[in-house]
Each structure stands twice: as structure tokens, then as C-alpha cells.
Amino acid sequence: FLSLFSPCATQFKIKIRNTKFTTKMTTEKSVKKEEKLPRGVEKLTPEAEELAPKLVKLSVLFFGCYFFFHYVLICLSPGVYKYYLRFTRSFEPVMPKDAPNDVTPVKEIFGVHDYAATREHFGSEVIIFRNYTDCRRTFDKVVYPKRKNQVDTYMKIKYREESPGNAYVPGTHRGQGHVSRKLSEVLSRKDPLEYASFLRIFHGEDYTVLLNAKAEDNFEFDSSFISFFDRPIVSTAIHAAPVAQTLSLQCYGTKSWLFWKATDMEKFGIHPVATPHAMVTSGDPESILKIPTKVATAYPGDLMYFPPFYYHAVATNPGKNIMFAIRKIDGESFKMSLKISVRLTWEWILRYAHTQFYNKSGKKGFHEGEQEQPFKDTYEREVFDLHTDVFGHVDSLSEFKLP
């Protein structure tokens, strides 16, 4: 009887042994795996294993809400933006009072007189091309005869008696509304109480002639400035042009500029925003000169280049003054803008689109007028008006080095 079942018994014993061996191997592997855990790290309990997926979902939800609030809602809702400005605005110095000013001149280039030759110098820094062209003659003989009857909106101004201005507060403020005039009227009236700023009366063919460029060179638009101030003043407070390389051509008079990189401002605690034109919500007129600052004076015929989001404030001498700020917007400009600040570029895209919804004038870019500009208006109420109250008495005109 035993002999009949002995083969089966033998196989059964072998299976038992194999099972014991497999169990032993599995146990040894588990022990080895447990032994491989880093020191101080314990195996998750069943409760922790159950909680982990919930924590992941909560983290995704939190970052999704943060992204939506910070990069969508704040960028599209002026009402929410108001509270964001209140949270980020500050009027405290960002540098010690005894720190020295850090102001150095921009790079100068001589002997360049056509647009093609300037392009090899474009990059991440401000450059001024001395004696670039006879802009005065080109304007009088070529551009003005074609545009003298062009009508645009001009801003009435008043002078601040307490100060000629500083980087945060200009030496003028708005007068009683705006006026519409022909270019010829503005130049003949020579009114020191009108500031023809951010004009949109010139076209691509004008820029081509003024810059000694070729017909295939494309320029998006310009912000022209014509003034007859009766005193030297800071004419424009700190701001920047997003997503555009700028070519500033001085035709009449002189202007002096102070420049700051957006990255340097953030590094030293000055918070930049795009409204959609770029502004700041913190810092003060004295300490901003203690962070890396560039200074330049543009004379008639000088051409100055600066890249996107290069913040600047401008001072202007009295008398006839004509300057063209010609903007170049293309793929390269957009890449430069993203490289400088993804946040500011994104803010500009959404707020510019929102602003254009209210723009009934048909003009591109920043311009003067009576139409509603929700983000700009919100910034002026929440930040700029307070800058005026706090810093309006500060006189920093001498820091611009006007001749």
C-alpha cells in the first residue's frame, strides 16, 4: 500500500519543501527590502497610506487656486487688483539711508548713422548712439509737412510748486482735461501749459525716414512727446514699456534719463507690476538711486536703445522739445520680455487684452484720452496718488544731470 503511494508522497514532500523555500525566500527579500530603507525612515502605516492621496489632491487644489487667483483673477479683475496693490504697496526705503548712490552712465557709441548698423548692438543694456542723424532737419522737411494737419489729444498740465519732481512723482500734474489740436497748432502756440504726450499721429513710413531704416524694417508704433515747458522738470515718472524694444530719437531740446532693470528692482525689494504699462508699488525716490542705476542725456540727433521692461524716468529742459519713442515689437522682443520676467509678461498680456476691450479710440499702446482704462485708473488711485502725497515734496531733479 505504501509502495503504491510513495511517489505521490515524495512529490507532496517536495511541494511542501518548495513552498517553505519560496516562503523563506520571500521573507528574506522583504527583510532585505526593509533593510534598504534609509535610517530614520519608517514604513507608512495603513492610515498614512490612506491619507497620502488626499494630501496630493489638496496640494494640487491649493496650487491650482493660487495660480488662478494670482495669474488670472488679479490680471483680469480691477476690483481684485485693487486689493493686490494695497497688499504690495509700500513707501519705506529699500536701502540704508547712509548707502551711497549707485548711478553710472550708459554705454555710448559713435559713428553709427543707419538703422541696420544699430541692430548688432541691441541686447540687454541701454545704449545711446551719439549724433545718429539730423533728426531736426528730417522732421522739418519731410515728416512735419505730411502730418501738420493731423489731429490728436493733448494733455493740459499744471506745474507742481513744491518740487520740480523726482523718479516717483513728475514736476507736472494734469490740468483741466484734454484738448484736441492739429500738430501745426501745437508747434505754433508753444503753450507751456500743454504737454503733447503719447501721441499717435505718425506712421511707419515716418519712422523709416527718421531712423534711416529700410522699408522692410517694421516698427509697431511710437509715443511722441512735444513740450514747451517754462522750467526744467521731471516730465515722466518711473515706468517701463512691456514686450517692446524702444528706440528714443531726440529731435529738439534735451532730455535726461534714469534707468533701472526690473530684475535689479525686485532683487532690492522694489515691486514692479504691469498695469498694463509697467509701474512700481514700492520703494522711494531716494533709495531707488542706491540700487544699480543708469543715467544718460540725449541731445538733438541722439538715438537711444533700451530693451523691454527697462524702467525709466525722464527729465526735460525748458523750451521746444520733440522726442520720438519708437517701439519695436516682434518675436525677439517677446522672447526678451519672457526672459526678463514671465510674471510681468503674463500680466501685460491679460491686462492689455482687458484694456483693449474698453479702448474705443482705435489707438494702440498707451495714450492720453478720456476713455476708461480700468487697471491704469485703479493703479493711479491706489498707488500713484499716494506717491504724490508722500513724495511730492522730494526734489531729485539734480540726479538726472540735465545740462
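A residue is called buried here when its relative accessible area is under 20%.

**Figure 1. Overview of the predicted model.** This is a predicted structure, and we start with the whole chain before moving in. Of the protein's 403 residues, 49% count as buried. Its secondary structure adds up to 11 helices and 16 strands. Looking at contacts between residues at least 6 apart in sequence, 83% join residues at least 24 apart. The exposed surface comes to about 20600 Å², and 58% of that area is supplied by carbon and sulfur atoms.

**Figure 2. Close-up of the largest nonpolar core.** Welcome to the interior: the largest nonpolar core has 36 residues. Phe129, Leu211, Ile226 and Leu247 are the residues with the most contacts inside this core. Strand S9, which spans residues 245-252, gives the core its largest share, with 4 residues.

**Figure 3. Leu211 and the residues around it.** Which residues does Leu211 touch, once those up to four places away in sequence are left aside? Its partners include the aromatic residues Tyr115, Tyr132 and Phe219. Also among them are Leu247, Leu249, Leu303 and Ile326, and Asp114 completes the list. Leu247 appears here as a contact of Leu211, and both belong to the group with the most contacts inside the largest core.

**Figure 4. The second nonpolar core.** Separate from the largest core, which has 36 residues, there is a second one of 28 residues. Met95, Val234, Leu289 and Phe391 are included in this second core.

**Figure 5. The disulfide between Cys135 and Cys251.** The structure holds 1 disulfide, and here it is in close-up. The sulfur atoms of Cys135 and Cys251 are 1.6 Å apart in the model. Cys135 lies in helix H5 (residues 135-147) and Cys251 in strand S9, so the pair ties together parts that are 116 residues apart in sequence. Are these two cysteines buried or exposed? Both Cys135 and Cys251 are buried. Strand S9 may look familiar, as it also provides the largest share of the largest core.

**Figure 6. Asp206 in helix H7.** Asp206 sits in helix H7, which covers residues 204-210. Why does Asp206 count as buried? Its relative accessibility is 0%, and the cut-off for buried is under 20%. Leaving out residues up to four places away in sequence, Asp206 touches Val143, Lys146 and Arg147.

**Figure 7. Cys75, a further buried cysteine.** Our last stop is Cys75, whose relative accessible area is 0%, so this residue is buried.

How values were computed: Residues are numbered from 1 along each chain as its sequence is written. This is a predicted model: local features need pLDDT of at least 70, side-chain atom pairs count only at pLDDT 80 or more; totals for chains, interfaces and linings use all residues. Side-chain values use heavy atoms; hydrogens and water are left out. Helices (H or I, at least four residues) and strands (E, at least two) are DSSP runs, numbered from the N terminus. Buried means under 20% relative accessible area, exposed over 50%, partly exposed in between (1.4 Å probe, protein chains only). Contact means heavy atoms within 4.5 Å. Accessible areas come from the Shrake-Rupley method with a 1.4 Å probe; for residues, only the protein chains shown count as cover. A nonpolar core is a set of buried Ala, Val, Leu, Ile, Met, Phe, Trp, Tyr and Cys residues joined through side-chain atoms within 4.5 Å. A disulfide is a pair of cysteine sulfur atoms within 2.5 Å.
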